[in-house]
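Got the viewer open? Here is a short walk through the model, one selection at a time.

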Amino acid sequence: MRRNIPYGHQQITEEDIAAVVETLKSDYLTQGPKIGEFEKKFAAYVDASYALAVDNATSGLHLAAKALGVKEGVKVIVTPITFASSANCVKFCGGDVVFCDIDPDTYLMDIKKLEKMLASSPHGTYSGIIPVDFGGYPHKMDEYRELADRYGLWILEDACHAPGAAFQAKDGSWQKTGNSRYADATVFSFHPVKHITTGEGGMVTTRNEALYKKMTLYRTHGITKDPDLLQKNDGGWYYEMVDLGYNYRITDFQAALGMSQLDRAEIGIVRRQEIARKYNEAFAEAASIRIPFVGQGIRHAYHLYVIQVPDRLGLYNHLRSKGIFAQIHYIPLHLQPYYRQFGSKEGDCPVAESYYTHCLSLPVFPTLPEEDQDFVIESVLEFEKK
């Protein structure tokens, strides 16, 4: 009997297990040295100045949004093709979410529509933007930075799908996603289906020291022992709660797993790209299948391999009948009941809405066996040739 094939799956090696066990046997399970080691290693991986490990990417988005000053009355522009957290972090802080439609090729926030939104509103209407590197396709962040600077906006980049991605800037240089050279902060996810897993977990990267210090404070209840922040100091044990914060800490054994996973991150990216190329070649002559677009100067991380087909429901059910668990990414966020109550409606983001009716994410993960990918290809073509 053929095993089921998921759209994504973690890889846990003996090295991963040994790293976790070693940490479990150490003196620290949380708030120990492994967290700082992981942060430094990840910052180096993406070429960022600072990295802050958190218990999940949603927490990271919340910390960053709060540190960037989101509060009641603040409006932030978000893409509708993303997981709920990309917009929810604004609502957590009391801000308002406004959706900008996607580019029909990349499925990223459409920079031309973004510019039109900004130009047609009084200066200062919006405070920031949250672009999402959907599926592992990186934004050319230098272009978004130019636009943001023109209108006085901050940028919080949601790169949960894109560790290892990169883009070529206008000056010809290659920029790693997450280096935060153009974004004020960037958030990554370590959920099991992502490139690197810690079980649950996330990371925020930045080059802004003040922003980093704010997020560090908010991560641990708003409590500090920093002498520069204390109103008084009773001794070595003394701490003060100087702001309202949260418990968004990650554990040491999760950090140990993350470091072990990071050691083979590049191997995983290359394998994902190989899988994508094989899909592209297999579907090249199938007129009914739209394969992913990749522009010049882009290193795609392929967290997702998304096709568009005329009968998405039919293909979805056909694959499921064969044990192939393709998935949908995503139901447009502006059409979710929660966001409809704030005035979002059908027709607001027509490209995103059209995309949703046709999109399907096929299995893509480093340990996907070739015979399983062959079976996926065979099954997709079998349905599309009917």
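The stops below run from a pocket to a surface patch and then to some salt bridges.

**Stop 1: the largest pocket.** Keep in mind that you are looking at a predicted model. Start by selecting Thr216, Leu217, Thr220, Ile223 and Thr224: of the 19 residues lining the largest pocket, these sit closest to its centre. The pocket holds about 500 Å³ of space. Now colour α7 (209-219) and β11, the elements that each give two or more residues to the lining. Which of the elements gives the most? That is α7, with 7 residues. If you colour the lining by residue class, you should get 8 nonpolar, 4 polar and 7 charged.

**Stop 2: a nonpolar patch.** Keep Ile223 selected and add Tyr239, Met241 and Leu244. Together these four make a nonpolar patch on the surface, with about 410 Å² of accessible area. Ile223 therefore turns up twice on this tour, once among the residues closest to the pocket centre and once in the patch. Zoom in on Tyr239 and you'll find it in the loop between β11 (223-224) and β12 (240-241). Its relative accessibility is 49%, so Tyr239 counts as partly exposed, the cut-off for exposed being over 50%.

**Stop 3: salt bridges within helices.** The structure has 23 salt bridges, and we'll visit a few. Go to helix α2 (residues 33-46) and show the side chains of Lys34 and Glu37. They form a salt bridge, with the closest N and O atoms 3.6 Å apart. Why about one helical turn between them? Because Glu37 and Lys34 are 3 residues apart in α2. Glu37 is partly exposed at 37% relative accessibility, and Lys34 is partly exposed too, at 24%.

Next, jump to helix α6 (residues 141-151), where Arg145 and Asp149 lie 4 residues apart, about one turn of the helix. Their side chains meet in a salt bridge at 3.0 Å, N to O. Buried or exposed: what is each partner here? Asp149 is exposed, with a relative accessible area of 52%, while Arg145 is buried at 15%.

**Stop 4: two more to click on.** Select Lys91 and Asp96, whose side chains meet in a salt bridge of 3.9 Å, N to O. Asp96 is partly exposed, with a relative accessible area of 32%. To finish, select Asp47, Arg181 and Arg207: these three are linked in a network of salt bridges.

Notes: Residues are numbered from 1 along each chain as its sequence is written. This is a predicted model: local features need pLDDT of at least 70, side-chain atom pairs count only at pLDDT 80 or more; totals for chains, interfaces and linings use all residues. Side-chain values use heavy atoms; hydrogens and water are left out. Patches are made of residues with over 30% relative accessible area and no salt bridge: like charges are joined within 9 Å, nonpolar side chains (Val, Leu, Ile, Met, Phe, Trp, Tyr) within 5 Å. Accessible areas come from the Shrake-Rupley method with a 1.4 Å probe; for residues, only the protein chains shown count as cover. Buried means under 20% relative accessible area, exposed over 50%, partly exposed in between (1.4 Å probe, protein chains only). On a 1 Å grid over the protein atoms alone, a cavity is a set of points where a 1.4 Å probe fits but cannot get out, and a pocket is an open set with protein on both sides within 12 Å along at least five of seven lines; lining residues have an atom within 4 Å of a point. Grid points are joined across faces, edges and corners, and a volume is the space filled by probe spheres set on the points. Ala, Val, Leu, Ile, Met, Phe, Trp, Tyr, Cys and Pro count as nonpolar, Asp, Glu, Lys and Arg as charged, and the others, Gly among them, as polar.
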